[in-house]
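Q: Hey, could you walk me through this structure? I'd like to start with a strand and then hop around a bit.

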Amino acid sequence: MESLFLCNAQVGLSYSSSLHVGHSYLPLKHLSRPCANTSPTSKLFLHCDSHTQSHTRLRAVVGSAPLLKHTVKFLRKKISVSMGDSVSVIPNDKGDLKVFQNGDELAASLGEYVAGLSQSAITERGAFAVVLSGGSLMNALRKLTEPPYLNSIDWGRWHVFWADERVVAKDHSDSNYKLAYDNFLSKVPVVPGCVYSINDSLSAEAAAEDYETGLRQLVKTGVVDVSKDTGFPKFDLILLGIGPDGHIASLFPNHPLLNEKVKWITSITDSPKPPPERITFTLPVLNSAANVAVVATGAGKADTFKRVFGVEQHDELLPVQMVSPKDGKLTWFTDKEAVAKIVN
Ligand SMILES: O=C(O)[C@H](O)[C@@H](O)[C@H](O)[C@H](O)COP(=O)(O)O
């Protein structure tokens, strides 16, 4: 049996829940180094009981007390661990992966995260440019519509955009605007003129051009920051969900729109998921943001999380695997079910 020692372990001694381990392959020989920055009370020792190419069976021990046995799949480089009662934060080379026990805890953390980014953007540059998506994300944002955030956020400085929108009327049940309005925007005092929805009377192509024109104006006036590196808009926060096929915004697997390098906003008229006509942010815009949060939960996302955080190689990257902000931070808000095929 070999003793292992993880770097950057932050171990809550009072924890009672699960242990999650970062999914980075680390040859066992590298794990035997003690870590300088863990305090004596928070040292996490992992003992390796067995090791194969894809599984390592580990026994976690704090001090001399055994905590639990745990099988870690698909270990890759830079392994690190932190544990808490309800959330496991798994740092890795793809951003912070936050795994919650349930939807309420996720919503509470997401509320705090968005409120924090809102405050720092408003302090730094007087505005908060935030981008929404469709799906269950609106429900996950529900804590923002309640105290303390309802009263503490400076809603008058919010500017709200969509990463993608279906080209349908605003009162259509497929409209992402309607979804956001009904569940979120109608419940908080955002300024209606600072909510930038598409012109749904245009064709998808014209609506995308129109949205980009409006966005260029807002970048010129400083409402939306600009990336000095890329020249693309630098949103303070882009919130994304993940589709069942690994799509983000309306960027679908193997679709030519994934190759767009120039346009900020583009259109699609053959969306594999109905409705077919949509507009969408392009990858360079997503990857120029200051912060991107991917919010995706449930067993239906488990295969996608395995693709993103596992080591299996596939010929094609899923769109969600192409999200990698160049000069920004990527954070994943998820649950145990979604990561079940990575950690058990
Ligand atoms: O038509 C679409 O493109 C979807 O609605 C998409 O925008 C949604 O964000 C994801 O499918 C995630 O949805 P869930 O969070 O509900 O799983």
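A: Sure, let's start with strand S8, which is covered on both faces: Trp158, Val160 and Trp162 are buried on one side, and His159 and Phe161 are buried on the other. Strands here are DSSP runs of E with at least two residues, helices are runs of H or I with at least four, and both are numbered from the N terminus. Buried means under 20% relative accessible area, exposed means over 50%, and partly exposed is in between, using a 1.4 Å probe and protein chains only.

Q: Why do the side chains split between two sides like that?
A: In a regular strand the side chains alternate between the two faces of the sheet.

Q: Before we go on, what kind of model is this, and how is it numbered?
A: It's a predicted model, where local features need pLDDT of at least 70, side-chain atom pairs count only at pLDDT 80 or more, and totals for chains, interfaces and linings use all residues. Residues are numbered from 1 along each chain as its sequence is written, and side-chain values use heavy atoms, with hydrogens and water left out.

Q: Cool. How does S8 pair with S7?
A: Strand S7 (residues 128-132) pairs with S8 in the parallel sense, over 5 bridges. Two strands count as paired if DSSP finds at least two bridges between them. Within this pairing, Leu132 stands opposite Trp162 in S8.

Q: Switching to helices: how far does H1 reach?
A: Helix H1 covers residues 103-125, so to speak 23 residues, and reaches 32 Å from its first C-alpha to its last. That's close to the expected 33 Å, where the expected span is 1.5 Å times one less than the number of residues.

Q: What's at its two ends?
A: Asn102 caps the N-terminal end of H1, with a side-chain oxygen 3.1 Å from the backbone nitrogen of Asp104. A polar contact here is a pair of N or O atoms within 3.5 Å; within protein, one must be able to donate a hydrogen and the other to accept it, and residues adjacent in sequence count only if both atoms are side-chain atoms. After H1 comes Gly126, whose phi is positive, near 80°.

Q: Which residues of H1 are buried?
A: Among them are Leu106, Leu110, Tyr113, Val114, Leu117 and Ile122.

Q: And which ones are buried in H7?
A: In helix H7 (residues 302-309), the buried ones are Ala302, Thr304, Phe305, Val308 and Phe309. Seen down the axis of H7, they fall within an arc of 160°, so they line one face of the helix. The arc is that of the directions from the helix axis to the C-beta atoms.

Q: New topic: how many salt bridges are there?
A: A search of the whole structure finds 12 salt bridges. A salt bridge is a side-chain nitrogen of Lys or Arg within 4 Å of a carboxyl oxygen of Asp or Glu.

Q: Which parts does the Asp96 and Lys329 pair link?
A: Asp96 and Lys329 meet through their side chains in a salt bridge at 3.5 Å, N to O. The pair links distant parts of the chain, with Asp96 in strand S6 (residues 95-100) and Lys329 in strand S16 (residues 329-335), 233 residues apart. Lys329 counts as partly exposed, at 43% relative accessibility.

Q: What about Arg278 and Asp164, buried or exposed?
A: Both Arg278 and Asp164 are buried. Their side chains form a salt bridge at 3.8 Å, N to O. Arg278 lies in strand S14 (residues 278-281) and Asp164 in strand S9 (residues 164-166), so the pair ties together parts 114 residues apart in sequence.

Q: How far apart in helix H4 are Asp182 and Lys178?
A: They are 4 residues apart in helix H4 (residues 176-183), so about one helical turn separates them. Their side chains meet in a salt bridge at 2.8 Å, N to O. Asp182 is partly exposed at 37% relative accessible area, and Lys178 is partly exposed at 26%.

Q: Last one: where is Thr145, and what does its side chain reach?
A: Thr145 is in the loop between helix H2 (137-140) and helix H3 (149-152). The side chain of Thr145 reaches the backbone oxygen of Arg142 at 2.7 Å. Thr145 counts as buried, at 15% relative accessibility.

Q: And Leu144?
A: Leu144 is in the loop between H2 and H3 too, and is buried with a relative accessible area of 0%. The C-alpha atoms of Leu144 and Leu110 are separated by 8.8 Å, though the two are 34 residues apart along the chain.
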